[in-house]
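Welcome! Below are some exercises with worked solutions to help you find your way around a new structure. Keep the view open and try each task before you read on.

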Amino acid sequence: MSRDVPEKPASVYFFATCLVDLFYPEAGLAGMTLLDRQGIGVIFPPGQTCCGQPMRNNGWLDEARAIARQQIKTFPKPIPIVVPSGSCAGMMHRHYPELFAGQPDEAEAKAFAARVYELTWFLVHVCKLSLTDGGPPVTVAFHASCHSQREMGVRGEPESLLAGLSNVTLTKMERPNECCGFGGAFSVRQPEISAAMVADKIDDLSQSGASEVLSGDCGCLMNIKGALEKAGRPQKARHIAEFLVERGR
């Protein structure tokens, strides 16, 4: 999926996501810091809530639309909406237009969706982010989430950001693009399959030689981190924005 690259804006909205709010606030703060360091004003509307994806995925379309309408009203200015999650960004950018098809506010939903960008894509294509490494040598792996790749067109942007850090070695996992098994409701409906998938993921990670795994989606991180801890593996798991803020200058 290709998108037109907008001019670097004076300000953006930041949509933090539920998982950032509840479990990974440091990832949201890091994402906002990266944008701020690029001279972009970051607006964080306090009324933001869920994007509505869990309701849509479980067939509760009226409830999903009600939540989506609240988000559309909460981000009224015609400026980009940057999201540190391919999953939530994919819901708003790709699925809001479908969700509102034939509704009175379809045009409004489409205009909103067109302003949604995944964080790493925005940093690479709009901010032209280039970092100087300020940390010691380290080897990391990157897990590319399904939604970021297939719904937001994020293909190589996180890796290019990491490649710009001179003391960071980005190791290749055998199946870096394979699902970690989370999938939101999928992990609840199919727990045995989900557990097998994340077991494959952490085995792949352990064999890669990386001391930690990075990702742009907190759902994936929560799943992978939990599996690593349960299996007694030493690797850490964290959001790429945290890593970039810590390393880059």
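**Exercise 1. Find which residues Ser87 touches, leaving aside those up to four places away in sequence, and decide whether Ser87 is buried or exposed.**

Step 1. Start with the contacts. Beyond its neighbours up to four places away in sequence, Ser87 touches Gln53, His147 and Asp217. Please keep in mind that this is a predicted model.

Step 2. Place the residue in its element: Ser87 belongs to helix 5.

Step 3. Now check the surface. The relative accessible area of Ser87 is 16%. The cut-off for buried is under 20%, so Ser87 counts as buried.

**Exercise 2. Describe the largest pocket: how much space lies in it, and which residues lie nearest its centre?**

Step 1. Take the volume: the largest pocket holds about 580 Å³ of space.

Step 2. Look at the lining. It is made of 31 residues, and Leu19, Gln53, Ser87, Phe182 and Gly184 lie nearest the centre. Here you meet Ser87 again, together with Gln53, which it touches.

Step 3. Ask which elements give two or more residues to this lining. They are helix 1 (18-22), helix 3 (53-57), helix 5, helix 8 (146-150) and helix 12 (218-230).

Step 4. Sort the lining by class: 18 residues are nonpolar, 12 are polar and 1 is charged.

**Exercise 3. Do the same for the second largest pocket: how much space lies in it, and which residues are closest to its centre?**

Step 1. The space in the second largest pocket comes to about 250 Å³.

Step 2. Its lining has 23 residues, and those closest to the centre are Phe142, Ala144, Glu159, Pro176 and Asn177.

Step 3. At least two lining residues come from each of strand 5 (138-143), helix 8 and helix 9 (157-163).

Step 4. By class, this lining has 7 nonpolar, 11 polar and 5 charged residues.

**Exercise 4. Work out the order of the strands in the open sheet that contains strand 1, and say which strands form its edges.**

Step 1. Read across the sheet. Its 4 strands follow the order 2-1-3-4, with parallel pairing.

Step 2. Pick out the edges. Strand 2 (41-43) and strand 4 (116-118) each pair on one side only, which makes them the edge strands. On average, neighbouring strands here are turned by 35° against each other, direction ignored.

Step 3. Follow strand 1 (residues 11-14) to its partners. With strand 3 (residues 81-83) it shares 2 bridges, and with strand 2 it shares 3 bridges.

Step 4. Look at single residues. Tyr13 faces Ile81 in strand 3, and Phe14 stands opposite Val82 in that strand. On the strand 2 side, Val12 has Val42 as its bridge partner.

Step 5. Add the helices. Helix 2 (residues 25-37) lies across strand 1, strand 2 and strand 3, at about 175° to strand 1. Helix 5 (residues 86-99) packs on the sheet too, touching strand 3 and strand 4, and its direction makes about 155° with that of strand 4.

**Exercise 5. Find the order of the strands in the open sheet that contains strand 5, and then say how many residues of helix 13 are buried.**

Step 1. This open sheet has 4 strands in the order 6-5-7-8, with parallel pairing.

Step 2. The edges are strand 6 (168-170) and strand 8 (236-239), each pairing on one side only. Neighbouring strands are turned by 35° against each other on average, direction ignored.

Step 3. Strand 5 and strand 7 (residues 212-215) run parallel and are joined by 4 bridges. One residue to look for is Val140, whose bridge partner in strand 7 is Glu212.

Step 4. Helix 13 (residues 240-247) packs on this sheet and touches strand 5, strand 6, strand 7 and strand 8, with a direction at about 90° to that of strand 8.

Step 5. Count the covered residues: 7 of the 8 in helix 13 are buried. They are Ile240, Ala241, Glu242, Phe243, Leu244, Val245 and Arg247.

**Exercise 6. Decide how exposed Gly226 is, and find how far apart Gly226 and Arg150 are in space.**

Step 1. Locate Gly226 in helix 12.

Step 2. Its relative accessibility is 34%, so Gly226 counts as partly exposed.

Step 3. Gly226 and Arg150 are 76 residues apart in sequence, and their C-alpha atoms are 25 Å apart in space.

Methods. Residues are numbered from 1 along each chain as its sequence is written. This is a predicted model: local features need pLDDT of at least 70, side-chain atom pairs count only at pLDDT 80 or more; totals for chains, interfaces and linings use all residues. Side-chain values use heavy atoms; hydrogens and water are left out. Two strands pair if DSSP finds at least two bridges between them. Axes are lines fitted to C-alpha atoms, for helices over the stretch in contact, and angles run from 0 to 180 degrees between N-to-C directions. Contact means heavy atoms within 4.5 Å. On a 1 Å grid over the protein atoms alone, a cavity is a set of points where a 1.4 Å probe fits but cannot get out, and a pocket is an open set with protein on both sides within 12 Å along at least five of seven lines; lining residues have an atom within 4 Å of a point. Grid points are joined across faces, edges and corners, and a volume is the space filled by probe spheres set on the points. Ala, Val, Leu, Ile, Met, Phe, Trp, Tyr, Cys and Pro count as nonpolar, Asp, Glu, Lys and Arg as charged, and the others, Gly among them, as polar. Buried means under 20% relative accessible area, exposed over 50%, partly exposed in between (1.4 Å probe, protein chains only).
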